Amino acid sequence: MVGLLLEWYAREARDLPWRRTSDPYSVLVSELMLQQTQVSRVIPAYEAWLERWPTAEALAAARREDVLAAWVGLGYNRRALALWQAAGIVARDGWPEDLRLLPGVGPYTAAAVGSFAFGRQVVAVDVNVARVRERFGAPLEPPGGRAGDFNQAMMELGATVCTARTARCGACPIAGGCASAGQRPVRPARRAHRPRFEDTNRWVRGRIVAALAAGEGLPQGIAPERLEPALDGLVRDGLVRRSGGTYALG
């Protein structure tokens with residue numbers, strides 16, 4: 001089954017820029033950008049980022065506020081700060097054996113960077129991979145020396161064929177051994193009413209960071225009772241500096 005999966009991946013894989021490199025810094029940039037962000041939004045940001053800061057040393061030397069400004073549009077701005085801090089550690093000390101010692105790097109990211117950049121034989125389990133493994137119903141393990149290819153193939157399968165909302169079993173290379181092949185997956189239960197994104201604190205935080213990055217000051221048209229808590233949170237997180245009544249990134 002795994003052989004069929006790898007053959008399928010070799011034929012069908014999307015041509016994504018981070019799949020053309022084994023440079024650990026470039027891989028780490030892609031992994032942090034891809035967390036909860038659509039691939040279509042990440043591609044131009046990733047390419048622009050590496051053009052501006054092609055190495056960990058270059059990023060470590062960047063100004064904190066410039067790094068935060070370059071992250072605008074990707075969301076979850078603390079990831080930018082974590083990436084900048086990780087670059088500082090790598091520039092000073094090199095890559096740690098345990099990648100989880102770097103800011104922003106948890107078990108999944110450590111396994112992904114380890115397998116894609118350092119050739120480590122570890123399985124990286126993100127939400128897509130976990131779904132494929134659960135539906136398949138039997139162990140799927142990488143062949144010797146090919147954990148990186150296996151991880152990419154599993155992620156691709158979960159992102160494009162065995163998706164959360166449906167499963168295109170007719171296009172699946174491992175359907176022949178899958179316990180749930182041909183069965184219509186249960187759609188996720190409809191969630192209770194959720195507020196519009198524009199009504200969330202995260203939206204306000206994003207507007208503040210974008211406005212400060214553009215040199216516009218604080219965004220207009222947001223009620224003080226929403227603006228102030230968001231500003232307080234950004235200051236606590238180290239994303240915004242407050243001096244008297246003025247604010248700036250970093």
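**A hairpin, a pocket and a one-sided helix**

In this predicted model, strand β2 (residues 246-249) shows two faces: Tyr 247 and Leu 249 sit on the covered one, while Thr 246 and Ala 248 make up the uncovered one. That pattern fits a general habit: in a regular strand, side chains alternate between the two faces of the sheet. The partner of β2 is strand β1 (residues 240-243), and the two run antiparallel, paired over four bridges. Leu 249, on the covered face of β2, is the bridge partner of Val 240. Two residues lie between the strands of this hairpin, and Gly 244 takes a positive phi there, near 65°.

Next comes the largest pocket, which holds about 700 Å³ of space. Its lining counts 24 residues, and nearest the centre are Leu 34, Thr 37, Asp 126, Val 127 and Asn 128. Four helices each give two or more residues to this lining: α2 (24-34), α7 (107-117), α8 (127-136) and α9 (147-160). Of these, α9 gives the most, with five residues. By character, the lining is a mix of 10 nonpolar, eight polar and six charged residues.

Helix α11 (residues 224-236) has the length one would expect: at 1.5 Å a residue, its 13 residues should span 18 Å, and the end C-alpha atoms are indeed 18 Å apart. Its buried residues are Leu 227, Ala 230, Leu 231, Gly 233 and Leu 234. These cover an arc of only 165° around the axis, so they lie on the same side of α11. On the face turned away from that buried side, Pro 224, Glu 225 and Arg 236 are exposed.

How values were computed. Residues are numbered from 1 along each chain as its sequence is written. This is a predicted model: local features need pLDDT of at least 70, side-chain atom pairs count only at pLDDT 80 or more; totals for chains, interfaces and linings use all residues. Side-chain values use heavy atoms; hydrogens and water are left out. Buried means under 20% relative accessible area, exposed over 50%, partly exposed in between (1.4 Å probe, protein chains only). Two strands pair if DSSP finds at least two bridges between them. On a 1 Å grid over the protein atoms alone, a cavity is a set of points where a 1.4 Å probe fits but cannot get out, and a pocket is an open set with protein on both sides within 12 Å along at least five of seven lines; lining residues have an atom within 4 Å of a point. Grid points are joined across faces, edges and corners, and a volume is the space filled by probe spheres set on the points. Ala, Val, Leu, Ile, Met, Phe, Trp, Tyr, Cys and Pro count as nonpolar, Asp, Glu, Lys and Arg as charged, and the others, Gly among them, as polar. The expected span of a helix is 1.5 Å times one less than its number of residues. The arc is that of the directions from the helix axis to the C-beta atoms.
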